[in-house]
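Work through these three short exercises with the structure open. Try each task before reading its solution.

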Amino acid sequence: MDLLQEVFIYLLAALVMVPLSKRLGAGIVIGPSTLGLIKDPDHILHFAELGVVFLLFVIGLELRPSRLWVMRKMVFGLGTAQMLATAIALTFVGLLFGLEQKAALIIGLILALSSTAFVLQMLAEKKQLTTTHGRAAFSILLLQDLAVIPLIAVLPMLGATAIDSGSLANFALAIAMIGALIVGGRYLLRPVLRLSAASGIPEIFTATALLVVIGAALLMQLAGLSMVLGAFIAGMLLADSEFRHQLEADIAPFKGLLLGLFFIAVGMSVNLGLLFQQPATIALIVLALIATKALVLFPLARLFGIGDKSSSFSLAVVLAQSGEFAFVLFAIAGRAELLDATLIDQLILAVAVSMLMTPIAYLCTERLGMAFNKPVEPVYDKMQNAHHEVIIAGFGRFGQIVGRVLAVTGKQFTALDIDPSQVDVVRRYGNVVHFGDSSKLELLRAAGAGQAKLFVLAVGNVESSIRTAETVTRHFPNLTIVARARNRHHQHHLMDLGIKYIYRETLMSSLAMSEQVLLDLGFDGDDSKQIVRTFEESDARLIQEQHAIQNDDEQLIQSAREAAHELEIVLKDDSR
């Protein structure tokens, strides 16, 4: 089969099976152990390893010192604890399987890693990256990505021929090359990128980005180290540069394509025959791997306060598989004759199966969670009957600004928010905010709504905002409400409740931006202000007019067109 035919098969497999776990499955399907469409996957595997090189470069770009410092507790605390505890537990399991101490330790360290690309993609698809267990998973994976680098550097030195004068010379050469890359990269990379950017040709900058990554990778390869180490260092050197975002955008397509090809190539390398020859052994390894990692991570998550038990359990399940770097590290261990080839085949197959099983296990976890986790009424903060003039319901980005303005004038207020994580963050900055649902009558009474003068309704969720407004207007009719509205529809609902002072959250900033746009286009300052003021007045009238017809889409569209036409005539008359 010629190269063009092989490329067609690779692309077809990637197209049909897009997610990373499915790409792994695609490789298994087209590989020599099943359909046999590709007979020799090794020659493409070396090229596909560039996907891992680009991945490490992007990870390096993300590791800005400021970001690491903010996440230090989760990354270096929970991440380090997970890595060490899991490696020790898996080493002990390896000893129980009859492995030698050195082999068991190496396997424990490698299998302790989870799949960064796979887990982050799965959480992103489920929109769970910002959840408690999503943030914790990201922090742990970040630490694991950092741990890969010393593992890649150390494994070759543990081989049978590691302790001789030649190896010591190679070690010294490796240290010198790393130093040269750091020093040269610090003083040469940015000037080269500036020259490339100054050319004004996007393709030149993309070519320079590829040259930087591959050049750093080749430098480490010449020193006898892994290529990914060079890419990672190059990424870290550029993490705080002005080119970081453009580099990431230019590298992303190559990273995605080659990383997918890497998974397909690894899938083709999996000896699927072992699954039929030794089903009990492979199943035992997979179960031991997943169970050990989950059982270690769950109590650690609870110890570090990762949400409730459900969040800790989700974190344990989502990181229970081994990851893509296991394929790279086992290959290094094989070349260094640290592990038996048959054992490596078994472990690679077990890693692949664990990755393929993770989506199924995670889906079952979510279904069981919905079935057995009955919603529990949250325990809200108890207040000693606060009696401040102002109550702010919703202390997020909107309510905090109101609170800060009141604070500088010396006016005290009572702040309420239903998001416990938001409450914790705000409290760390020294603000007093109470956890509770502002639509609950008991909480409003405890907050002093019966004695307050103003109620600032800054809740972002539309349904919660309306529920709160209904409670306040029904039980505290003399309390003046100043409300935030997310959009025109929300504003109409608030108007239905008789609320007079309503501010759409993006209106004022949008008008201010519009005035600046007019100034930049050459309009006179007074003219710009007048145009924006006229538009604001027209929009306010339109809101009132559309209130009566808010449920009739056709009339709404017609009134909007008529208002736009009238506004255009008014502005033309004013400009004469």
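**Exercise 1.** Which hand does the crossing of α15 and α16 have? Describe the packing of the two helices.

Solution. The crossing of α15 and α16 is right-handed (the near helix is turned clockwise from the far one by less than a right angle; anticlockwise would be left-handed). The contact (heavy atoms within 4.5 Å) is made by A294, L297, F298, A301 and R302 of α15 and by K309, S312, F313, L315 and A316 of α16. Sorted by type, the contact residues give 7 nonpolar, 1 polar and 2 charged. Now the geometry: α15 (residues 279-303) and α16 (residues 309-318) pack at about 145°, with axes 8 Å apart.

The model is predicted: local features need pLDDT of at least 70, side-chain atom pairs 80 or more, while totals for chains, interfaces and linings use all residues. Numbering starts from 1 along each chain as its sequence is written, and side-chain values use heavy atoms, without hydrogens and water.

**Exercise 2.** Where does E337 lie, and is E337 buried or exposed?

Solution. Find the loop between α17 (324-335) and α18 (341-372); E337 sits there. Its relative accessibility is 63%, so E337 is exposed (over 50%; buried is under 20%, partly exposed in between, with a 1.4 Å probe and protein chains only). Next, check the backbone: phi of E337 is near 60°, a positive value in a non-glycine residue. Most residues other than glycine have a negative phi.

**Exercise 3.** How are the rings of F395 and F413 arranged?

Solution. Their centres are 5.9 Å apart and their planes at 35°, so the pair is tilted (centres within 6.5 Å; under 30 degrees is stacked, over 60 edge-to-face, the rest tilted). F395 is in the loop between β1 (390-393) and α19 (397-408), and F413 is in strand β2 (residues 413-417), 18 residues apart. F395 is buried at 2% relative accessible area. F413 is buried at 17%.

Technical notes: Axes are lines fitted to C-alpha atoms, for helices over the stretch in contact, and angles run from 0 to 180 degrees between N-to-C directions. Helices (H or I, at least four residues) and strands (E, at least two) are DSSP runs, numbered from the N terminus. Ala, Val, Leu, Ile, Met, Phe, Trp, Tyr, Cys and Pro count as nonpolar, Asp, Glu, Lys and Arg as charged, and the others, Gly among them, as polar. Rings of Phe, Tyr and Trp (its six-membered ring) pair if their centres lie within 6.5 Å; planes under 30 degrees apart count as stacked, over 60 as edge-to-face and the rest as tilted.
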